[in-house]
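Me: Hi! I'm new to this one, could you walk me through it?

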Amino acid sequence: MACDTQSASPEKALNLLLVDDEKGVVNALKRELKDLNCCITTTTSGRKAMSVLREQDVALLITDHKMPDVNGVDLVRFAKQYSPDTHIFMLSGEGDLQAAVELLNQRMLTKYLTKPWNRQDLRNEVVKVLNQCSEGGQKTSAQQLADFDHENDKPNLRDYESVVLIKLMNVSDISLAHGEAASLDTEAYIGQRLEYMVTQPHLLQRTQAGVFALYLKESTIEITRSLCCQIRQQLQRTFAIKGVSVFCHIGVGFRNLRDSQLDHDILISSLVDTIVRDSHRISISQLDNSTITQYRRQQQLSAEVQSGLRNQEFKLAYQPKVQLSSGMINSAEVLLRWQHHSLGWVPPSEFVRLAELDGQIEAIGEWVLDQGFKVASELRRFSAELDSIAINISAKQLQSSRIVEFIGERLQHYYLPPSFIELELTETALAENSHYLEELLWQLKLLGVRLAVDDFGAGFTSFSYLSKLPIDTLKLDKVMIDNLHTDSHRQEFIHNLILSCKKLGIEVVAEGVEEEADLRCLQAMRCDKIQGYIFSPAVSRQEFEKLMIRQPFYAKFKAQQGR
C-alpha cells in the first residue's frame, strides 16, 4: 500500500483511494491523476482498502470489480456503511455490467467506467467529484441541515401525492453518548443519504430534531410503502461518521395525501406519534383514516376529562367479592366508568391510559378516592355484612407528596374506620421506585387502611419481595386463573402460593373467574375470595345493594357443603 500527496494549495488535500488487484492498473491510474490536488493511496487488496476506509476520510474510492480476497461489490457496500460520504467509481470489464447497474440503482456508485477507460473522461469525472467535495467540505453539519430546515415555508399538501416521515428514534441517545456535534453530523448524513436515495420528484425538509419529511409528487401507496422499506433498510445500521461509530434506529411512516383535509402541523405530529407508537411492533407505519379518527377521539377525550368530572359523567360501578367458605358477598371493588355525553360509555382501558400520559390521572384519582370513600361510608351503614370496599390507586397518585395526607383527611371527613378501606395497587406500580414505595406503604399502613396487590402474575414482581411489604391482600390476575383446571403445574404453583399467603396472614382473591371448573379448583385450594363474571360483573350501586340484600350465592354454597 502506498501514498503520494500532490497539493497545489495550502488547503488540506482530499484523500483518493485506488484499488485493483493488478498493480499495473493501479499505477496507471495513479499516473493519470498524480497532478491533482489530492493525497493518493493505492492498494492491490480489497481487505487493505477496508482498513484505509476505517482510518481515513476518503473523498473518492476507485475500485475494480473482480478481486480475489474482497470483491468490488463487497468493498462498495462496506464503504457505504463505514465511510458514507465517500464517492465511488467502479472500473471493470463489459461482462460485469449487471452488478454495476444494481449498485447504481441502489445509489451506491457515483460512476461506472469500463476498462480500458477514456483518460480524459476519467480525469474530468474525478475533478468534478473533488471540486464537489471541496465545496461541500466547507459547510458544517449545522449549515448542511439548514438546507433542509424550512420551518416558515410549509409545503402545500395539495401539490403532493404522499408524505414519508423519517425519524431518528435515538437522536437523544446519540447526542448524550457522542455529543451534540456527532448528533448533527448524523442528521446531516441522513439528509444527504435521503437525497441520494430518492430519484422521483420530491421535497425533503427537516421538521424538527431527528425528523425529516419527504413529500413525493407522484406516488401510489404501494410505491410509497416500497420506498419506506428501502429507506429503513438503508439507514437502520451502524455508520462511521467522522470517525465515530453510530447506530441509527430509524422509524418510518407515511400518509397518502389524496383527499387529505389535515392541517400540515397536525399531519406531521400525528405521523410522529404513529411511528413512536408502532416502533416496537411494525417496521413501517401508515397513518390511515382509522388512525386519524382514533387520534381525534383521544384528543377529544383528553380535552373533556375536566368537564366530564364537573358534569358528573364519571360513574362508579361495584363488582362483588364472594367469600368462598360461605358464599356471602362481604366486600366489593369500586370501578370507574365514563358515560361520555357524545361518545357513550368509554372503556376504562382507553381513558385511564390517556389520563396517565397527560397527567390528568391525578384529578381523576382524587375524584375516585373522594367518591369511593363517600359511598363506602354509606354502604357500611346500609349493610353490616360488608367488611371492606376496595378502591384502585394509580402509580401516578402514589408519586404525589400529599397522597397520605389526602387519604387521612377523607377518612376523617366521612367518619370511616380505616380498615374498611382497601387500596389496590398494581403489581407494576410496586415494581417502580421500590424504596420510595416501601416507605409510602408503611405510612398508609399506619393510617390503618388495608393494602392489596392487584394483577399479581401479570408482571414480574417476586412473591418474596411482596412478602416484605405490609400487604393484606393478594389478588391473582385473570391470566393465572383462565383454564386453571387444565394446567396441573399452574395448579400446584397457585396452591403453594395460597399456602404461603395463609402463613403470612395475607388474604388471597382470585379475579376474573368465569368457568365453573376453575372455581372448583380454587375452592379445593382454599382460596379466600372470588371476584369475576361467574358470580357478577360490575354493577350499579342500586344493583349491588340488591345483591347484598338477596345474597344469592349463600344458599348454593350451603347446599354444596351439606352434600
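Reply: Happy to; we'll go through a pocket, a cavity and two helix pairs.

Me: What kind of model is it?
Reply: It is a predicted model, where local features need pLDDT of at least 70, side-chain atom pairs count only at pLDDT 80 or more, and totals for chains, interfaces and linings use all residues. Residues are numbered from 1 along each chain as its sequence is written, and side-chain values use heavy atoms, with hydrogens and water left out.

Me: What volume does the second largest pocket have?
Reply: About 1000 Å³. On a 1 Å grid over the protein atoms alone, a pocket is an open set of points with protein on both sides within 12 Å along at least five of seven lines, while a cavity is a set where a 1.4 Å probe fits but cannot get out. Lining residues have an atom within 4 Å of a point. Points are joined across faces, edges and corners, and the volume is the space filled by probe spheres set on them.

Me: Which residues are closest to the centre of that pocket?
Reply: Glu333, Leu335, Pro348, Asn392 and Asp454, out of 36 that line the second largest pocket. The lining has 15 nonpolar, ten polar and eleven charged residues (Ala, Val, Leu, Ile, Met, Phe, Trp, Tyr, Cys and Pro count as nonpolar, Asp, Glu, Lys and Arg as charged, the others, Gly among them, as polar).

Me: And cavities, how many of 30 Å³ or more?
Reply: Four in the whole structure. The largest cavity holds about 60 Å³ of space, and its lining includes Met169, Arg232 and His249. Strand 12 (residues 250–256) gives the most to that lining, three residues. Strands (E, at least two residues) and helices (H or I, at least four) are DSSP runs, numbered from the N terminus.

Me: Switching topic: at what angle do helix 11 and helix 13 cross?
Reply: Roughly 70°, with the axes coming within 10 Å. Axes are lines fitted to C-alpha atoms, for helices over the stretch in contact, and angles run from 0 to 180 degrees between N-to-C directions.

Me: Why is helix 11 called roughly perpendicular to helix 13?
Reply: Because 65 to 115 degrees counts as roughly perpendicular; under 35 is roughly parallel, over 145 roughly antiparallel and the rest oblique.

Me: What about helix 14 and helix 16?
Reply: Helix 14 and helix 16 pack at about 25°, their axes 10 Å apart, and are therefore roughly parallel. Glu366, Leu369, Asp370 and Phe373 of helix 14 contact Ile403, Phe406, Ile407, Arg410 and Leu411 of helix 16 (contact means heavy atoms within 4.5 Å).
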